[in-house]
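Biologist: I want the labels on this structure justified one by one. Please set each value against its cut-off.

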Amino acid sequence: MGRLVRTLAVSIALALTQGGTSHAADTIRLAVQKTGTFSWELAAIRDQGLDKAANLSLEVTELASTEAGKIAMRAGNADIMLSDWLWVSRERALGAKLTFYPYSSALGAVMVPASSPIKTLADLKGRRLGVAGGAIDKSWLLLQARMKQDGIDLKSDASIVYGAPPLLAAKALDGEMDASLNFWNFCAQLEAKGFRRLAGIEEILPKLGAKGPVAAVGYVFDEDWAASHRDVVARFITMSRKAKELLTTSDAAWEKIAPLTGTSDPALLQAYRNRYREGIPHRSIDDEEADARVLYRVLAEVGGRELVGPAPELDPGTFYHAPGGD
């Protein structure tokens, strides 16, 4: 009987010890646009087992648009989604305590056909310019602000046509536009078809006061959730960095995610890869936030309350500062 008791005691002790060192993976609910680049990164993460290495279980809800992601976030149905610091600051001004961590500094560009006589941004005067994202799109407002420095009001000095990004890309290919300002991935499509980048939006930011490339898009999450899940957020950020490092250095990793890009065209795949890599953030959060604050003022002046809501300045809590550093 004594031996049996001792055996049971040892078994219970081992079970308790193993239970104390084995932890179930922490779940993060992600709202992901099905056709967005976040899905590319997630595919690389899963292929390399980076989620398991971080002891994270990624519960992904695929959505049709970024607006659907915002709805999911507001409803409490997602822990993390992608959006921009402009929206986060606006939401904070309206009472939602969201916060932002940089994901990508890839921005759109003004594209023209290779043989176009348009050589500078000033040459857009009198031209037909397609603009993706609508009248208060960030890139469009930043372009307007830059041109006003040279005494050019593009809204009145050019013929502006607003439209959905894929539609404008198609019209540009059909020759219906003299130039187009589109999102970076659609610019990559035009680039692969021989179009020329007249100017990337990142190229005009220094003229507007930015000191470096600014991550316009980032991971967005609730600051209270982040405060109660600091280690989970830290592991998620580390996992994301490792995925970006992989996609920076490994062409083989790109071959595996190629089906998600929707193309098998080698030229377009290369354009996607190059622009994605260029957009990977490498700056400190303090530097990112300082430049975002400068650009926010520019956007607020051009876009007004319709864009930024009641807050003329970037909300102080917009950027997430991880405990112990960036």
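The questions below go through burial, salt bridges, the sheet and a helix pair.

Modeller: One point first: this is a predicted model.

Biologist: Noted. Where is Ser116, and why is Ser116 called buried?

Modeller: Ser116 sits in the loop between β5 (109-112) and β6 (128-132). Its relative accessibility is 8%. Buried means under 20%, so Ser116 counts as buried.

Biologist: Which residues does Ser116 touch, leaving aside those up to four places away in sequence?

Modeller: Asp178 and Arg196.

Biologist: How many salt bridges does the whole structure have?

Modeller: A search finds 20.

Biologist: What makes Arg74 and Glu91 a salt bridge?

Modeller: Their side chains meet at 3.4 Å, N to O. The cut-off is within 4 Å, so the pair qualifies. The two residues are 17 apart, with Arg74 in helix α4 (residues 66-74) and Glu91 in helix α5 (residues 85-93).

Biologist: Are Arg74 and Glu91 buried or partly exposed?

Modeller: Glu91 has a relative accessible area of 9%, so Glu91 is buried. Arg74 stands at 49%. Exposed requires over 50%, so Arg74 counts as partly exposed.

Biologist: What makes Arg275 and Glu191 a salt bridge?

Modeller: The N to O value is 2.8 Å, and the limit is within 4 Å. This pair links distant parts of the chain: Arg275 belongs to helix α14 (residues 266-278), Glu191 to helix α9 (residues 184-192), 84 residues apart. Arg275, at 15% relative accessibility, counts as buried. Glu191, at 29%, counts as partly exposed.

Biologist: How are Arg235 and Asp231 placed in helix α12?

Modeller: They are four residues apart in α12 (residues 230-249), so about one helical turn separates them. Their side chains meet in a salt bridge at 2.8 Å, N to O. Salt bridges with shared partners join Asp26, Asp231 and Arg235 into one network.

Biologist: Why is Arg235 called buried, and what is Asp231 called?

Modeller: Arg235 is at 19%. The buried class is under 20%, so Arg235 counts as buried. Asp231 has a relative accessible area of 49% and is partly exposed.

Biologist: Now the sheet. What makes β7 and β9 edge strands?

Modeller: The open sheet has five strands in the order β7-β6-β8-β5-β9, with mixed pairing. β7 (159-163) and β9 (196-200) each have a single partner strand, so one side of each is left without a neighbour in the sheet. On average, neighbouring strands are turned by 25 degrees against each other, direction ignored.

Biologist: How do you know that β6 and β7 pair?

Modeller: Pairing needs at least two bridges. β6 and β7 have five, in the parallel sense. Val131 stands opposite Tyr162 in β7.

Biologist: Which strands does helix α6 lie across?

Modeller: Helix α6 (residues 138-148) lies across β5, β6, β7 and β8 (179-182), at about 125 degrees to β8.

Biologist: Last, why are α2 and α12 called roughly perpendicular?

Modeller: The axes of α2 (residues 37-48) and α12 cross at roughly 95 degrees and come within 9 Å. The perpendicular class covers 65 to 115 degrees. α2 and α12 are therefore roughly perpendicular.

Biologist: Which classes of residue make up the contact of α2 with α12?

Modeller: Eight are nonpolar, two polar and two charged. Among those in α2 are Phe38 and Ile45, and among those in α12 are Phe236, Met239 and Leu247.

Methods:
Residues are numbered from 1 along each chain as its sequence is written. This is a predicted model: local features need pLDDT of at least 70, side-chain atom pairs count only at pLDDT 80 or more; totals for chains, interfaces and linings use all residues. Side-chain values use heavy atoms; hydrogens and water are left out. Buried means under 20% relative accessible area, exposed over 50%, partly exposed in between (1.4 Å probe, protein chains only). Contact means heavy atoms within 4.5 Å. Axes are lines fitted to C-alpha atoms, for helices over the stretch in contact, and angles run from 0 to 180 degrees between N-to-C directions. Angles under 35 degrees count as roughly parallel, over 145 as roughly antiparallel, 65 to 115 as roughly perpendicular and the rest as oblique. Ala, Val, Leu, Ile, Met, Phe, Trp, Tyr, Cys and Pro count as nonpolar, Asp, Glu, Lys and Arg as charged, and the others, Gly among them, as polar.
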